[in-house]
Amino acid sequence: MTMMIAGTASVTEHTCRSCGGSHIDTFLKLGRTPLADRLTSASDNGEQEPAFPLNVAFCRDCSLVQITETVNPRILFADAYPYYSSFSQALLRHSRDNVLDLIERRGLKADSFVIELASNDGYLLKNYVEAGIQVLGIDPADGPAAAAGKIGVPTHLAFFTRELAETLRNEGVQADVIHANNVLAHVADTNGFVAGVARLLKDDGVAVIEAPYVEPMIEHCEFDTIYHEHLCYFSVTALDKLFRRHCLYLNEIKHLAIHGGSLRLYVEKLERVGASVLDQLEHEKSRGIDAIDYYRDFSTTVDKLKVELSGLLRRLKADGATIAAYGAAAKGATLINTVGIGRDLIDFVVDRNTHKQGKCMPGQRIPIRPTEALLEAQPDYVLVLAWNFIDEIMAQQSEYRARGGKFIVPVPTPRIV
Ligand code: DWN
Ligand code: ZN
């Protein structure tokens, strides 16, 4: 388990985040990169940004894929943490569908209680509030928590930990449903987080957890989804072992397209593992996802994509083209900093998130502007950094395309659409 000593910026792990085993093999080295969500203001051009090693390893004991550096969460999720879930209509629809499905299948009523860990700006819990169901959000970022408060979602401003779970449980808090979307992979104390879920969940409750799935990351070369916030990259094999360690059972999974390929996990205190999990465990065994050989060539695939993308952009630029980018996404920071895409190639990035506009991308310090800048400047090409929302973005920017603009999608292979 990672103990962040006050004042340490990061710790290099030599044992597995889940099982504590020492048989972890590094299979991808992305170098030292700045923090993907730490946007810079144009004025601090002189300031040295913190950068940390970004290396990915596989645990031969429990199959967990994980980065080896743990950056202090207080640095990672600092006050200015800019991620607000509600800037994506696709994500809002996805979350609402999830909630309505759960209200139905779990028969939730006014006396039910739902907790979301990493509740952000209330994007998901607001759907329970509208249905008259009691909720509690838990999130350390004051900006998004304040936004949640404005729409009637109460937030406990804190990181979720085993200790916080104990405190809440001692106050009589227990949940019929616990949501945790895109947070399980983010926590330094993986076991403490899962143990906390077990403490807060009613005996007949369900934890509904969403996390990016490691198979599409490897199969579609989504290496840009690797950054210091994402400590773990889960397979069902690794998840099954993690939950069982805390007397929780991964009973059902759903495959989701969101964020480049995720899993929705249904975790309970009752062991009733269904076909969706058993089939995926079998699939992972047959594909070798539970063994290091499956990951050995990933580094070569990543290098090939980096060379192809850099070559494409430089050729377009040499031919006199103008290029911008869409989506000041964390994954975008990994992409531009590991490929070396700077202001010599990209004039600006656009983003709908008003908290990001006026800032600059980490490392390369490319300025971030409102999306209207695309029609004002009408660049020849737009590199889509938020490729996981490509459909939504292309529909939204139909006028830019109608005027002859073209999009460059970087993964799984760089292509102009
Ligand atoms: O785990 C995480 C993933 C799930 O989401 C967090 N680390 C934070 C975040 O990572 P990300 O920043 O790579 O995710 P997004 O949500 O893919 O970033 C999309 C960016 O694009 C956001 O800044 C919002 C922006 N956007 C936009 O400007 N117009 C998004 C859409 C859909 C749009 O229409
Ligand atoms: Zn392990």
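Here is a walk through a predicted model, from its two ligand sites to two unusual spots in its backbone.

Let us begin with ligand 1. In this model, 23 residues surround ligand 1, and the closest are Glu 229, Asp 351, Arg 352, Lys 356 and Gln 396. If you sort the residues of this shell by character, you find 9 nonpolar, 8 polar and 6 charged. Where along the chain do the residues of the shell come from? Domain 1 (85-295) and domain 2 (298-416) each contribute at least three residues to the shell. You can also look for two helices here: helix H11 (330-339) and helix H13 (390-396) each supply at least two residues of the shell.

Now zoom in on some individual atoms. Tyr 326 places a polar side-chain atom 2.7 Å from a nitrogen atom of ligand 1. Tyr 227 also has a polar side-chain atom facing this ligand in our list of contacts, lying 3.1 Å from an oxygen atom of ligand 1. With Ala 330 the backbone takes part: a backbone N or O atom of Ala 330 lies 2.9 Å from an oxygen atom of ligand 1. How much of ligand 1 does the protein cover? On its own, ligand 1 has 700 Å² of accessible area, and the protein covers 97% of it.

Next, turn to the zinc ion, ligand 2. Which residues coordinate the zinc ion? The SG atoms of Cys 16, Cys 19, Cys 59 and Cys 62 do, at 2.2 to 2.3 Å. The arrangement is tetrahedral because the 4 donor atoms subtend angles of 102 to 117° around the zinc ion. Written as a sequence pattern, the donor residues are spaced C-x2-C-x39-C-x2-C. Cys 19 and Cys 59 link distant parts of the chain, 40 residues apart. Cys 19 sits in the loop between strand E1 (10-12) and strand E2 (24-34), while Cys 59 belongs to strand E4 (residues 51-59).

Finally, follow the backbone itself. Val 411 and Pro 412 are joined by a cis peptide bond, with omega at about 0°. You will find Pro 412 in the loop between strand E20 (406-409) and strand E21 (415-416). Another spot to visit is Asn 120, which is not a glycine and yet has a positive phi of about 50°. Asn 120 lies in the loop between strand E7 (113-117) and helix H3 (125-130).

Terms used. Residues numbered from 1 in each chain as written. Chains lettered and ligands numbered in written order. Predicted model: local features only at pLDDT ≥ 70, side-chain atom pairs only at ≥ 80, totals over all residues. Heavy atoms only, no water. Near = heavy atom within 4 Å. Polar contact = N/O pair within 3.5 Å; in protein donor to acceptor, adjacent residues only side chain to side chain. Areas by Shrake-Rupley, 256 points an atom, 1.4 Å probe, with all protein chains shown as cover. Helix = DSSP H or I, 4+ residues; strand = E, 2+ residues; numbered from the N terminus. Nonpolar A, V, L, I, M, F, W, Y, C, P; charged D, E, K, R; others polar. Domains from an automatic or database assignment. Donors = N, O, S within 2.8 Å, 3.2 Å for Na, K, Ca; no water. Tetrahedral: all angles 85-135°; square planar, octahedral: opposite > 155°, others 65-115°.
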